[in-house]
Amino acid sequence: MGKELVNWENGRWIGQTLEVENGVCAVPSRDPAVPDGVLEYTDEVKAATDHLYDQVSDFIPKFEWPAFAPIVHAINKLKKEKNAVILAHNYMTPDIFSLIGDYTGDSLGLAIEATKTDADIIVQGGVHFMAETSKILCPDKRVLIPSMRAGCSLASSITGEDIKLIKQRYPGIPVVTYVNTSADVKAESDICCTSSNAVAIVESICADWGVDKVIMLPDEFLAKNVAKQTGIEVIAWHGRCEVHARFSAQDVRDMREANPGVVVLAHPECPPEVVAESDFTGSTKAMSDYVGDHKPKNVILLTECSMSDNVAMANPDVDFVRPCNLCPHMKRITLENIYTCLRDEVHEVLVPEDMREKAFKAVMDMINVKFDPVKGHFDPTLPEKDVKVI
Ligand code: SF4
């Protein structure tokens, strides 16, 4: 068979590129910034990491563990030495999510954890807007992101200048901005929201302002899905998540036909016709809770691939059908660039103070809205509503 480079296992992304010789993982191919000889599978590494393997045994074959364990051990040591924490989003690969993430969850959960930690350094296991949110909430901490190229199609669909123009055009109507946006967009917004609390935030700000209309951006599909759940009139922007926008209603029908009895869970960034075909729609946390609480025999999560992997690890008795879509931005974060980022303390995320203060208010006003988590579930049976897209 000879040598080959792999970073997939049974069709799943495993995070790191490995050199496999005649079926055996010989030497991990490393980032040039990680010198040879530093990360070896020594007795010390083995003793310190053996207990971790069970958590990822469904995703990392035993013969590959010696390629993962040294860097996992090195990152966990660096975290202690530097008083650092890693915030790992649900879309991180299982090696990052389970083996080095100190806090794991959705955007809202990670933002709240960022406000509580007493670490000196936060390493964001996620994309750039998430790291900016951590910096907005924790100005005195160093916030590092392992890859400055970890962007987001939603965040790049709109700028702070766009928000200023929208506010001129629609005076007196509150602007609710999804957290999947840059700091300058948050700074110009009246309040932020996540997919967990979007309906509650829209209703709360409209009650505060005494209006029945809201501008919700940048995700057109999230805005349309929220509009169905509330009597508030919603004006949307034309941004889309390149991962969730790819699912179609026909995909869902085909999956049901191929997997009779399967339970379909969708993320509200999916198109409304996909939500209408689902059994349940909610944020990544709501989907994860649904699987844990209901233990369906088999389930499909219409979201990013690693989410299914991570929820599957916590629910070994549930069968996961995996018609997922990869987020190329999330997949730019790897064990290797987390290691070099923390070791060298590079890729610090900074937000100008005047912008940060304004964005802080929009994020904290969101965090301070208390809501019933059930309000964050989207009823798929509700009819679609007309939503103006600007
Ligand atoms: S999954 Fe979608 S919303 Fe999330 S980072 Fe990727 S492109 Fe952005």
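**Entry 1: a loop residue to start**

I opened with glutamate 345, which I found in the loop between α14 (335–344) and α15. This is a predicted model, so I read every value here as computed. Glutamate 345 has a positive phi of about 50 degrees, although it is not a glycine. I also looked up its surroundings: glutamate 345 counts as partly exposed, because it has 14 C-beta neighbours inside 10 Å.

I then went to asparagine 83, another residue other than glycine with a positive phi, here near 50 degrees. Asparagine 83 sits in the loop between α2 (65–82) and β4. Is asparagine 83 buried or exposed? Asparagine 83 is exposed, because 12 other C-beta atoms lie within 10 Å.

**Entry 2: the cis peptide**

I checked omega next and noted a cis peptide bond joining leucine 217 and proline 218, with omega about 5 degrees. Proline 218 belongs to the loop between β10 and α9.

That led me on to helix α9 (residues 220–229), which is mostly covered: 10 of its 10 residues are buried. I wrote down that the buried residues include Glu220, Lys224 and Lys228, along with Phe221, Leu222 and Val226. What covers the buried residues of α9? I found β8 (175–178), α8 (198–209), β10 (213–217), β11 (233–236), α11 (272–277) and β16 (388–389) among the elements that do.

**Entry 3: the whole chain**

I stepped back for the overall picture. The secondary structure of the chain comes to 15 helices and 16 strands. I put the C-alpha atoms in a box along the principal axes, and they fill roughly 65 × 55 × 30 Å. A compact globule of 390 residues would have a radius of gyration near 21 Å, and the chain has 21 Å, so the two agree.

I looked at burial too: 50% of the 390 residues of the chain count as buried. For contacts between residues at least 6 apart in sequence, I noted that 66% join residues at least 24 apart.

**Entry 4: the nonpolar core**

I kept a general point in mind: in soluble globular proteins, nonpolar side chains tend to be buried together. The largest nonpolar core here has 114 residues. Which of its members touch the most other members? My list reads Val176, Val202, Met216, Leu265 and Ile338.

I followed up on isoleucine 338. Leaving out residues up to four places away in sequence, isoleucine 338 touches Ile75, Ile86, Ile96, Ile100, Val123, Gly125, Pro146 and Ile333.

**Entry 5: helix α4**

I picked helix α4 (residues 107–116), where Ser107, Leu108, Leu110, Ala111 and Ala114 are buried. Looking down the axis of α4, I saw its buried residues fall within an arc of 170 degrees, so they line one face of the helix. They pack against β4 (84–89), β5 (103–105), β6 (121–125), α5 (128–137) and α15 (353–367).

From alanine 111 I took a distance to serine 288: the two are 177 residues apart in sequence and 18 Å apart in space, C-alpha to C-alpha. Serine 288 is found in helix α12 (residues 284–294). Serine 288 is buried, because 22 other C-beta atoms lie within 10 Å.

I also looked at histidine 294, found in helix α12. Histidine 294 is partly exposed, with 13 other C-beta atoms within 10 Å. The C-alpha atoms of histidine 294 and valine 318 are separated by 9.9 Å, and the two residues are 24 apart along the chain.

**Entry 6: around the ligand**

What residues are around the ligand? I listed Val127, Cys152, Ser153, Leu154, Asn180, Cys241, Glu242, Val243, Glu304, Cys327, His329 and Met330. By class, I get seven nonpolar, three polar and two charged residues in this shell.

I used methionine 330 for one more distance: its C-alpha atom and that of arginine 149 are separated by 9.6 Å, with their positions 181 residues apart along the chain given as the separation. Arginine 149 has its place in the loop between β7 (142–144) and α6 (160–169). Arginine 149 counts as partly exposed, because it has 14 C-beta neighbours inside 10 Å.

**Entry 7: helix α13**

My last look was at helix α13 (residues 305–314), which is mostly covered, with seven of its 10 residues buried. I noted those buried residues as Cys305, Ser306, Met307, Ser308, Asp309, Asn310 and Val311.

Notes
Residues are numbered from 1 along each chain as its sequence is written. This is a predicted model: local features need pLDDT of at least 70, side-chain atom pairs count only at pLDDT 80 or more; totals for chains, interfaces and linings use all residues. A residue is buried if 20 or more other C-beta atoms lie within 10 Å of its own, exposed if 12 or fewer, and partly exposed in between; C-beta atoms are placed from the backbone. Helices (H or I, at least four residues) and strands (E, at least two) are DSSP runs, numbered from the N terminus. The arc is that of the directions from the helix axis to the C-beta atoms. Two residues are in contact if their C-beta atoms, placed from the backbone, lie within 7 Å. A nonpolar core is a set of buried Ala, Val, Leu, Ile, Met, Phe, Trp, Tyr and Cys residues joined through C-beta atoms within 7 Å. The radius of gyration is taken over C-alpha atoms; the globule rule is 2.2 Å times the number of residues to the power 0.38. A residue is near a molecule or strand if its C-beta atom, placed from the backbone, lies within 6 Å of it. Ala, Val, Leu, Ile, Met, Phe, Trp, Tyr, Cys and Pro count as nonpolar, Asp, Glu, Lys and Arg as charged, and the others, Gly among them, as polar.
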